[in-house]
Amino acid sequence: MMKMYRCRICGETFLGSEAPSHCPFCGAHRELFVDTSEYPEDINAVDLTEVERNDLMETIELELSNTRFYLPWPPTATT
Ligand SMILES: [Fe+2]
């Protein structure tokens with residue numbers, strides 16, 4: 001039976017019959033994975049100041065705009 005597991009260190013999710021031996025993203029050991037049904041919903045909840053919220057939104061916009069780096073060049077090229 002497939003289950004969804006989540007790393008308590010970085011939040012990476014993993015789908016499988018059991019938790020991976022190590023987190024594929026941060027390397028945390030299996031013991032730090034929890035079944036997502038047991039993962040506390042508010043574990044990542046934080047209160048942001050207005051400045052922090054604006055910085056976060058600018059960072060997200062920057063990350064989203066960086067996706068152009070992975071597009072083919074010239075734009076009409078096919079893969
Ligand atoms: Fe992780």
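The following paragraphs lead through the fold of this protein, from its overall form to its sheet, its helix and the segment after the helix.

The structure is a predicted model. Its secondary structure amounts to 3 strands and 1 helix, and the order of these elements from the N terminus is β-β-β-α. The C-alpha trace extends over about 45 × 40 × 20 Å along its principal axes. The radius of gyration of the protein is 18 Å, whereas a compact globule of 79 residues would have one near 12 Å. Burial can be read alongside these dimensions: 6% of the 79 residues count as buried. Of the contacts with a separation of 6 or more, 29% are between residues 24 or more positions apart.

The strands are best considered together. They form an open sheet of 3 strands in the order E2-E1-E3, with antiparallel pairing. Strands E2 and E3, the latter comprising residues 33-35, stand at the edges; each has a single partner strand, and therefore one side of each is left without a neighbour in the sheet. Direction ignored, neighbouring strands are turned by 35 degrees against each other on average. As a general matter, strands of a sheet pair through backbone hydrogen bonds, in either a parallel or an antiparallel manner.

The pairing of E1 with E2 can be followed residue by residue. Strand E1 covers residues 3-7 and strand E2 covers residues 13-16; the two run antiparallel and are joined by 4 bridges. Within this pair, Met-4 stands opposite Leu-15 in E2, while Arg-6 has Thr-13 of E2 as its bridge partner. The hairpin of E1 and E2 has 5 residues between the strands, and in this hairpin Gly-11 adopts a positive phi near 90 degrees.

The helix, H1, spans residues 50-65. Its 16 residues should span 22 Å at 1.5 Å a residue, and its end C-alpha atoms are 23 Å apart, in agreement with that expectation. Is the helix buried in the protein, or does it lie in the open? The number of buried residues among the 16 of H1 is 0, so the helix lies largely in the open.

Beyond the helix, the segment that follows H1 contains Phe-69. A residue is classed as exposed if 12 or fewer other C-beta atoms lie within 10 Å of its own. Phe-69 is exposed because it has 7 other C-beta atoms within 10 Å. Phe-69 and Tyr-39 are 30 residues apart along the chain, and their C-alpha atoms are separated by 35 Å.

Methods:
Residues are numbered from 1 along each chain as its sequence is written. This is a predicted model: local features need pLDDT of at least 70, side-chain atom pairs count only at pLDDT 80 or more; totals for chains, interfaces and linings use all residues. The radius of gyration is taken over C-alpha atoms; the globule rule is 2.2 Å times the number of residues to the power 0.38. A residue is buried if 20 or more other C-beta atoms lie within 10 Å of its own, exposed if 12 or fewer, and partly exposed in between; C-beta atoms are placed from the backbone. Two residues are in contact if their C-beta atoms, placed from the backbone, lie within 7 Å. Two strands pair if DSSP finds at least two bridges between them. The expected span of a helix is 1.5 Å times one less than its number of residues. Axes are lines fitted to C-alpha atoms, for helices over the stretch in contact, and angles run from 0 to 180 degrees between N-to-C directions.
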